[in-house]
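Open your viewer and keep the selection box handy. We will go stop by stop, and at each one you will hear what to select and what to look for there.

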Amino acid sequence: MRRLKMFFLSSLVLLSFLIFTGCKAQKVQEEVQRAPLVKSDVLAQFENELTQIVDKVSPSVVTIFATQEVQMQNPFGEDFPFPFPIPVPPQERRSLGSGVIIDYKNGKFYILTNNHVVQNAKAIKVRFDEHTEKKGRIVGTDPKTDIAVVEVDAKDIKDPEQRVARLGDSDKLKVGQLVIAIGNPYGLERTVTMGVISALKRSIGVTQYESFIQTDAPINPGNSGGPLVNIRGEVIGINTAIVAEGQGLGFAIPINLAKWVADQLIAKGKVIRGWLGVVIQEVTPDMAEAVGVKEGVIIAQVMPSSPAEKAGLKVGDVVIAIDGEKVSSVRDLQLRVMRTPPGKEITLTVIRNSKEENIKVKVEAMPEETKISQAGPSAQDVGLLLRDLTPDEERRLGVKGVYVSGVMPGSLAYQSGIRPGDIIMSVNNRAVANRAEFTQAIESARKAGRDKVLLLIRRGDTNLYIVLSLR
């Protein structure tokens, strides 16, 4: 009987413990289920701000379709032995890009995009959303910065003022800032990508005047002309170029430069730039000891009757400052002179014979700007990003030529069929071993009045001929 009592008490204690433990476990489990897995107030706030930025900017982003008329080549070749020419009708080709609305006035939208998006277009269509598409008109283009402005009638567009993007100040950007790219890569409208500013004032050799913002926000064909946006929802750049050989290498034109060009295109239909009339180059470490200065720009040539000659600038002068502000590179001097209004006097600080002098120069308008609408594209304007082959690559590949590291989507080069990774070996059956020879060959063809050149290209293990259109 005593053993039975002890067994009963033990069982009762054990049962009570199990009931208590089970109730406690259930309570803990309910509390865990009610509690958030991660304390993410900051992330939630960031996510909310990000979606608000995208919602605010997206209405200003449009898709641009440009239709070009392409003259096809005679399939039998120009030397085919017929006593009469075989007519080959032109064909239409449609390119795709992006744009951003920067102004609305007098019932018209003004859309900022890249020149290579609308270059040589016979017709422009602008899509605002999947239900709204309108005809566009090119207000003006500037191949030297790859900027263009398109005008569209805003009739029947709801809340047009709300579609105008807010522009930021690209002169205040810093490396490491967060940015958002919005555009239409491969026709996927209003695609949003995010990254940081990787570098500033980059030059990659695709336009004459360059000071690109480099970003790792993914940019793809079709993004060209779309906005690069900061975390305040301000447009701080126009997405323009990619480097095919590397991931996370996208480039955008700073909005201050793009807006300066766009304002002139809207007001005058062309861009008027300041001009000194000098050929300049960087002061290299090898030159530094000889010229007596480590940083600046050396004058290699002074044009006859130019503002520089009239002011007394000389070959060998090293420009170290403009109006008291330091000059650090050729690109720096070019961009600052370019944006100086013709007729304005500036003060150049130069080193001459190891002595510092201040020389006043009255800036004039760049002469060729008056003929820009008639001028054909330069070697850079065809849309190629080129580099010289290294000696190791020449030995390994068994060819000499110029390596195509990038092709602007929609450009003349892209339309002609040139692709990244191609090696250009000759132009019109004349061998080219570097970028300088390629540029010279293209310019020679253009001056001779040619609309096309014949390129011999190595693609993989195969040689092929491609006709590159120059206009």
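Before the tour starts, one term: two residues are in contact when they have heavy atoms within 4.5 Å of each other. Please also keep in mind that this is a predicted model.

**The whole protein**

Begin with everything shown. The protein has ten helices and 26 strands, and 44% of its 471 residues count as buried. Turn on a surface if you like: the accessible area is about 25,600 Å², with 53% of that belonging to carbon and sulfur atoms. Among contacts in the protein with a separation of 6 or more, 61% are between residues 24 or more positions apart.

**Helix α7 and its cover**

Now select residues 330-338, which make up helix α7. Which residues of this helix are buried? They are V330, D332, L333, L335, V337 and M338. Next, add what covers them: the cover includes α4 (255-268), β13 (274-275), β14 (278-282), β15 (297-302), β16 (318-322) and β17 (325-326).

Stay on α7 and show the side chains of R336 and D332. They meet in a salt bridge, 3.3 Å from N to O. Because these two residues are four apart in helix α7, about one helical turn separates them. D332 counts as buried because its relative accessibility is 15%, under the 20% limit for that label. R336, with a relative accessible area of 23%, is partly exposed.

**The nonpolar cores**

Which residues touch the most other members of the largest nonpolar core? Select L112 and I238: these two do so, in a core of 37 residues. Helix α4 supplies the largest share of this core, seven residues. Now center on I238 and show what surrounds it. Leaving out residues up to four places away in sequence, I238 touches V100, L112, N114, G225, G226, F251, A252, I253, I255 and A258. Then jump to a second, separate core of 22 residues, which includes F438, L455, L468 and L470.

**A salt bridge across the chain**

Select R459 and D422 next. They form a salt bridge, and their closest N and O atoms are 2.7 Å apart. This pair links distant parts of the chain, with the two positions 37 residues apart: R459 is in strand β25 (residues 452-459), and D422 is in the loop between α9 (412-416) and β23 (423-427). Are the two partners buried or partly exposed? D422 is buried, with a relative accessible area of 1%, while R459 counts as partly exposed at 33%.

**More charged partners**

The structure holds 19 salt bridges, and a few others deserve a stop. Select K105 and D103, whose side chains meet at 3.7 Å, N to O. Here K105 is partly exposed at 35% relative accessibility, and D103 is partly exposed as well, at 26%. Then select R127, E133 and E189 together, as salt bridges link them in a network.

**Strands β7, β8 and β9**

Switch back to a cartoon view and select residues 178-183 and 191-202. These are strands β7 and β8, and they pair in the antiparallel sense over six bridges. To see one position in this pairing, look at V179, which stands opposite G195 in β8. Add residues 212-215, strand β9: this strand runs antiparallel to β8, and three bridges join the two. Here R202 stands opposite F212 in β9.

**A nonpolar patch on the surface**

Return to the surface view and select F46, L178, M194 and I231. Together they form a nonpolar patch with about 330 Å² of accessible area. F46 is found in helix α2 (residues 41-57) and counts as partly exposed at 39% relative accessibility.

**Last stop: K155**

Finally, select K155, in the loop between β6 (147-153) and β7. Is K155 buried or exposed? K155 counts as exposed, because its relative accessibility is 56%, and the label applies over 50%. Show K108 too: the two C-alpha atoms are separated by 8.0 Å, although K155 and K108 are 47 residues apart along the chain. Not counting residues up to four places away in sequence, K155 touches G107 and K134.

Terms used
Residues are numbered from 1 along each chain as its sequence is written. This is a predicted model: local features need pLDDT of at least 70, side-chain atom pairs count only at pLDDT 80 or more; totals for chains, interfaces and linings use all residues. Side-chain values use heavy atoms; hydrogens and water are left out. Two strands pair if DSSP finds at least two bridges between them. Patches are made of residues with over 30% relative accessible area and no salt bridge: like charges are joined within 9 Å, nonpolar side chains (Val, Leu, Ile, Met, Phe, Trp, Tyr) within 5 Å. Accessible areas come from the Shrake-Rupley method with a 1.4 Å probe; for residues, only the protein chains shown count as cover. A salt bridge is a side-chain nitrogen of Lys or Arg within 4 Å of a carboxyl oxygen of Asp or Glu. Buried means under 20% relative accessible area, exposed over 50%, partly exposed in between (1.4 Å probe, protein chains only). A nonpolar core is a set of buried Ala, Val, Leu, Ile, Met, Phe, Trp, Tyr and Cys residues joined through side-chain atoms within 4.5 Å.
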